[in-house]
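Thanks, everyone, for making the time. I would like to walk you through one model, starting from the overall fold and ending in the interior, so please have a look at it first.

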Amino acid sequence: MSSIPYLALVSALAALALAGFFYTKVKAASPGDERMVFLMTEIQKGAKAFLKAEYTWVSVFVVAMMVLLFFVITPAASVTYFIGAFLSALAGYVGMTVATMANARTTEAAKSGPAAALPVAFRGGAVMGFSVAGLALLGLMAVYIYYVIINEHSEAFEVVTAYGLGASSIALFSRVGGGIYTKAADVGADLVGKVEAGIPEDDPRNPATIADNVGDNVGDVAGMGADLFESYAGSIIAPISLVAFAIGLSADDIGDDALSLLMFPMAIAFVGMIASIIGSFLVKGGDSTDSKALSRALHMGTNVAMGITMVATVGIAFWLFGDSDNFENPIGLAMSVIGGLIVGWALGKTAEYYTSDHFAPVKKIAQQTDTGPATTILAGISAGMVSVASSVILILVGVGVAYWGGEYAFAGNIGQLEGGIYGIAVAAIGMLATTGVVVSVDAYGPIADNAGGIAEMADLDPSVREVTDALDSLGNTTAAVAKGFAVGSAALTALALFKSFEFAVREAGGELNLNIGEVDVFVGLFLGAGLPFLFAALTIDAVGRAAYEMIEEVRRQFREIPGLREGKEGVIPDSARCVEISTAASLKEMIIPGALAVIVPLVVGFINVDALGGLLAGALVTGFALAIFMANAGGAWDNAKKYIEAGAHGGKGSDNHKAAVVGDTVGDPFKDTSGPAMNILLKVMTIVSLVFASAFVG
């Protein structure tokens with residue numbers, strides 16, 4: 001049993017080795033002609049420049065948090081906080097670097113059809129996926145092994161939790177900053193290019209096109225990678241911290257039952273990683289550009305990985321809990337994990353239903369373009385809101401199954417730890433156990449999107465764009481599926497961390513009162529309910545301001561550069577200026593929303609712990625609903641536009657198309673900025689509260 005952290009560490013190294021293997025495969029593929037290589041290089045340069053600037057700005061925040069942790073908690077917490085932040089940033093940088101290599105190579109492969117193009121895009125995404133999962137698990141296991149097993153640090157579990165806080169900090173700024181960047185460029189390129197100038201998406205005449213393609217990588221690859229890094233690490237930390245704070249563990253006093261409870265999430269992470277590695281080799285493209293066929297090929301790896309993880313989880317539950325009198329039915333904990341995994345998959349499928357052009361919601365939005373942008377926007381808002389209801393029902397089913405499984409497994413409470421709460425905590429790791437392959441499928445999407453942009457800008461045969469468009473359309477759906485996993489796990493992880501916070505307050509000598517009849521709790525509840533709306537407003541407004549600058553710049557270039565709009569030979573746009581605008585605007589605009597998630601719980605916690613409890617509860621409920629609504633509404637608008645561009649309702653250039661572009665523009669910050677950042681907001685606030693619980697009480 002005590003070997004599990006070491007096995008998990010070895011599986012993390014295996015994941016990183018697989019990422020290296022896929023990197024060599026991607027690098028060996030041809031990047032195409034001189035024009036394609038030039039475009040790929042420009043996108044790489046813009047993405048690397050942005051990340052360098054972003055990480056420079058964020059490092060100031062990281063240093064400030066390290067100083068605070070050093071003096072308020074313990075010096076070791078500042079070290080593990082830095083490790084979490086550094087590895088999260090590294091995962092994003094590695095994935096973004098490979099994604100910007102894979103784009104032109106996917107375009108070149110698309111000349112031979114989807115059977116050649118899909119594996120290239122997937123392998124590029126797999127470097128991201130297995131770098132994220134591998135680095136997250138490697139860092140966490142190294143921290144656990146050193147501080148809990150070897151060093152037996154007096155505050156070992158606070159120190160381990162600080163690792164998650166470091167990952168969350170980078171994730172928040174990466175998601176917000178990258179999201180603002182990508183959507184400012186996307187909105188500017190679409191509104192001036194497609195609607196005003198009447199030129200195709202990714203047309204080389206459009207000055208914002210390069211910035212748009214850079215944004216796909218810094219937002220949907222680096223930002224998404226940091227997001228899932230944090231989600232994956234947090235889902236493992238949540239049950240560990242829950243056990244430690246509920247039972248009152250110290251590193252030198254861990255009994256057999258407590259050890260089993262600590263090892264279980266690590267064992268699930270281990271088998272999930274091995275299953276993801278096996279599943280990644282099963283993704284192969286076919287000859288059809290039909291999105292259903294492509295979807296089956298792409299999801300084969302995820303489905304196999306999930307199946308292996310389910311079977312292995314049952315064996316692990318009986319191995320760890322079968323010989324103890326404190327656990328009556330070990331199968332119950334296996335059911336909690338499997339229930340979480342199935343609900344995560346179901347949330348993804350729900351997102352697919354509301355965002356894929358194969359189903360009624362997207363087709364309804366496309367039909368509403370007959371009467372203009374207003375009804376198009378209303379239809380998208382309605383689809384997003386309806387999707388919240390089904391997602392809430394699913395998450396409640398997941399919570400119910402997980403709680404029942406934990407209660408069924410436990411013979412009685414262990415210390416203050418209830419079986420049902422532990423079951424909910426491990427359900428979150430069930431959702432994200434196969435993170436390696438889930439992120440691989442998600443990161444594939446921006447690569448396919450970039451491949452289409454390069455095909456257009458390099459003026460390749462329309463048949464190439466047909467292949468890349470099919471891959472890209474599927475990418476929008478896979479992104480929505482991954483967001484379903486991330487948001488679902490955020491709800492369960494935040495609930496487990498919230499319970500850990502309650503135990504940590506008690507351990508520090510305080511008491512958490514959550515009676516909403518008390519004024520301080522009631523005030524906190526409403527503050528928390530309003531905070532996600534404020535956060536969403538700030539990020540959407542930031543996209544609007546940055547997009548305004550981009551639109552004005554694109555208009556200026558069309559107006560002042562002779563022959564640009566007409567496509568005169570030898571006349572090229574000033575793409576670098578658009579990249580500069582997006583970079584400067586996103587870095588400036590990310591500070592307030594990012595800092596809000598850390599400062600608000602700290603301020604409220606030092607004033608009143610009960611109010612902080614109310615704040616966390618209110619934010620969890622409204623934040624979850626907002627995240628689902630924005631992600632699915634945005635995805636539905638986007639695919640309604642693509643459905644029309646494929647020939648429905650008048651096709652490209654029609655009034656319907658223009659209405660769909662407006663809807664897509666509204667949805668862009670919904671699905672790629674505010675929505676994805678919401679689940680990080682929830683976990684950042686909860687984990688900040690947990691790490692500083694003893695300071696609040698003291």
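How many helices and how many strands does the protein chain have? The answer is 20 helices and zero strands, and I should say at once that this is a predicted model, so please hear everything that follows as computed from that prediction.

Let me turn to the overall dimensions. The C-alpha trace spans about 75 × 50 × 45 Å along its principal axes. For 698 residues, a compact globule would be expected to have a radius of gyration near 26 Å, and because the protein chain comes out at 24 Å, the two agree. Of those 698 residues, 65% are buried, and among contacts between residues at least 6 apart in sequence, 85% join residues that are at least 24 apart.

On the outside, the protein chain exposes about 22300 Å², of which carbon and sulfur atoms supply 63%. As for charge, there are 63 negative side chains and 37 positive ones, with the centres of the two sets lying 10 Å apart.

Now to the interior. The largest nonpolar core holds 239 residues, and the members that touch the most others in it are Tyr232, Phe264 and Phe692. The element giving the most to this core is helix α6, residues 209-247, which contributes 21 residues.

Finally, which residues does Phe692 touch, once those up to four places away in sequence are set aside? Its partners are Met65, Leu68, Leu69, Val72 and Ile73, together with Leu165 and Leu602.

Definitions and conventions
Residues numbered from 1 in each chain as written. Predicted model: local features only at pLDDT ≥ 70, side-chain atom pairs only at ≥ 80, totals over all residues. Heavy atoms only, no water. Helix = DSSP H or I, 4+ residues; strand = E, 2+ residues; numbered from the N terminus. Rg over C-alpha atoms; globule rule 2.2 N^0.38 Å. Buried < 20%, exposed > 50% of the residue type's maximum accessible area, 1.4 Å probe, protein only. Contact = heavy atoms within 4.5 Å. Areas by Shrake-Rupley, 256 points an atom, 1.4 Å probe, with all protein chains shown as cover. Lys, Arg positive; Asp, Glu negative; His and termini not counted. Charge placed at Lys NZ, Arg CZ, Asp CG, Glu CD. Core = buried A, V, L, I, M, F, W, Y, C linked by side-chain atoms within 4.5 Å.
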